[in-house]
Amino acid sequence: MEDYICILDSLGNEIETIPLLDAIENSPYAPLLRRMPPSGDVLHTNTIELIEEGQLPEGYNGPLRENTLILSMRAIDLVCALDLEERSVYWAESDLWHMQHQPTLLENGNILVFDNQGYGEKSTVLEFSPETGEVVWFYRGTEVNPFYSIGCGSCQRLPNGNTLIVESVPGRAFEVTPEKEIVWE
């Protein structure tokens with residue numbers, strides 16, 4: 001099974017499709033395809049987010065560009081950016097998580113990611129800099145309040161600076177402060 005980006009017109013008619021395997025093969029990140037399973041859902045693309053005009057912070061010097069896409073490919077642990085005109089992946093990160101979901105561009109130019117299985121039997125929500133690869137914030141749960149979703153999951157930075165986390169498999173949603181305290185669930 002292969003994944004595609006389908007571009008539609010305003011009436012929902014398909015204008016074109018972009019094969020994601022081709023977009024990776026035609027990029028410097030082609031070696032990451034070695035992680036792909038031999039058959040089945042070989043990429044498992046689970047997120048697509050447009051980086052809109054004016055969305056990157058003023059003075060941003062990182063690798064991301066406006067009018068391109070952020071994608072998450074769970075089967076190969078890949079979060080990447082795709083240029084629709086070039087039909088190629090121009091930026092990627094793959095070593096900070098395992099089986100991730102929901103990469104989201106934050107107002108500061110960092111990306112928030114739900115890491116399902118990157119830390120043993122614990123999930124992690126992490127904020128990292130696409131420019132440096134540095135993890136600048138994370139939430140992993142505690143012994144008293146463990147946190148693990150083997151599949152699915154979502155995260156969102158809220159206007160108050162807290163982070164909303166959806167732990168899909170057990171069916172739990174909760175909000176944590178920047179200091180990693182749960183304020184409700």
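Me: Hey, in what order do the four strands of the open sheet sit?
Reply: This is a predicted model, to start with. The order in the open sheet is β3-β4-β5-β6, and the pairing is antiparallel.

Me: And which strands are at the edges?
Reply: β3 (45-51) and β6 (88-93) are the edge strands, and each of them pairs on one side only.

Me: By how many degrees are neighbouring strands turned against each other?
Reply: On average it's 25 degrees in this sheet, ignoring direction.

Me: Let's walk across it. How many bridges pair β3 and β4?
Reply: Six bridges, in the antiparallel sense. One pair you can look up is L50 with its bridge partner in β4, L69.

Me: What about L69 on the β5 side, which residue is its bridge partner there?
Reply: That's L82 in β5. β4 and β5 pair over five bridges, again antiparallel.

Me: How many residues lie between the strands in the hairpin of β4 and β5?
Reply: Four residues, and D77 in that hairpin takes a positive phi near 55 degrees.

Me: Then β5 to β6, how many bridges?
Reply: Strand β5 (residues 78-83) and β6 pair over five bridges, in the antiparallel sense. If you want a spot to click on, V79 stands opposite E93 in β6.

Me: Back to β4 for a sec. Why is it described as largely enclosed?
Reply: Six of the six residues of β4 (residues 68-73) are buried, so the rest of the structure largely encloses this strand.

Me: Which β4 residues point which way?
Reply: T68, I70 and S72 point one way, while L69, L71 and M73 point the other way; all of them are buried.

Me: New topic: hairpins further along. How many residues sit between β7 and β8?
Reply: Five residues lie between them in that hairpin, and G109 in the turn has a positive phi of about 90 degrees. β7 and strand β8 (residues 111-119) run antiparallel and are joined by three bridges. One example is T104, whose bridge partner in β8 is L112.

Me: And β8 with β9, what joins those?
Reply: Six bridges join β8 to strand β9 (residues 122-128), and the two run antiparallel. For instance, D115 has T124 in β9 as its bridge partner. Two residues separate β8 and β9 in their hairpin, where G120 in the turn has a positive phi of about 60 degrees.

Me: OK, pockets. What volume does the largest one have?
Reply: About 300 Å³.

Me: Which residues line the largest pocket?
Reply: The lining is made of Q102, T104, L105, L106, E107, N108, C155, Q156, R157, L158 and P159. β7 (101-105) and β11 (154-157) each supply at least two residues of that lining.

Me: How many of the lining residues are nonpolar, polar or charged?
Reply: The lining divides into five nonpolar, four polar and two charged residues.

Me: Last thing, cysteines. How many disulfides does a search of the whole structure find?
Reply: Zero. C6, for one, is in no disulfide, and its nearest cysteine sulfur, that of C80, is 16 Å away. C6 is partly exposed, at a relative accessible area of 43%.

Me: Why doesn't C152 bond with C155?
Reply: Because the sulfur of C152 is 13 Å from the one in C155, its closest cysteine sulfur, and that's too far for a bond. The cut-off for a disulfide is sulfur atoms within 2.5 Å.

Me: Is C152 buried, exposed or partly exposed?
Reply: Partly exposed, with 47% relative accessibility.

Note on methods. Residues numbered from 1 in each chain as written. Predicted model: local features only at pLDDT ≥ 70, side-chain atom pairs only at ≥ 80, totals over all residues. Heavy atoms only, no water. Pairing = 2+ DSSP bridges. Axes fitted to C-alpha atoms, helices over the stretch in contact; angles between N-to-C directions. 1 Å grid on protein atoms, 1.4 Å probe; cavity = no way out; pocket = protein on both sides within 12 Å on 5 of 7 lines; lining within 4 Å. Points joined across faces, edges and corners; volume = space filled by probe spheres on them. Nonpolar A, V, L, I, M, F, W, Y, C, P; charged D, E, K, R; others polar. Buried < 20%, exposed > 50% of the residue type's maximum accessible area, 1.4 Å probe, protein only.
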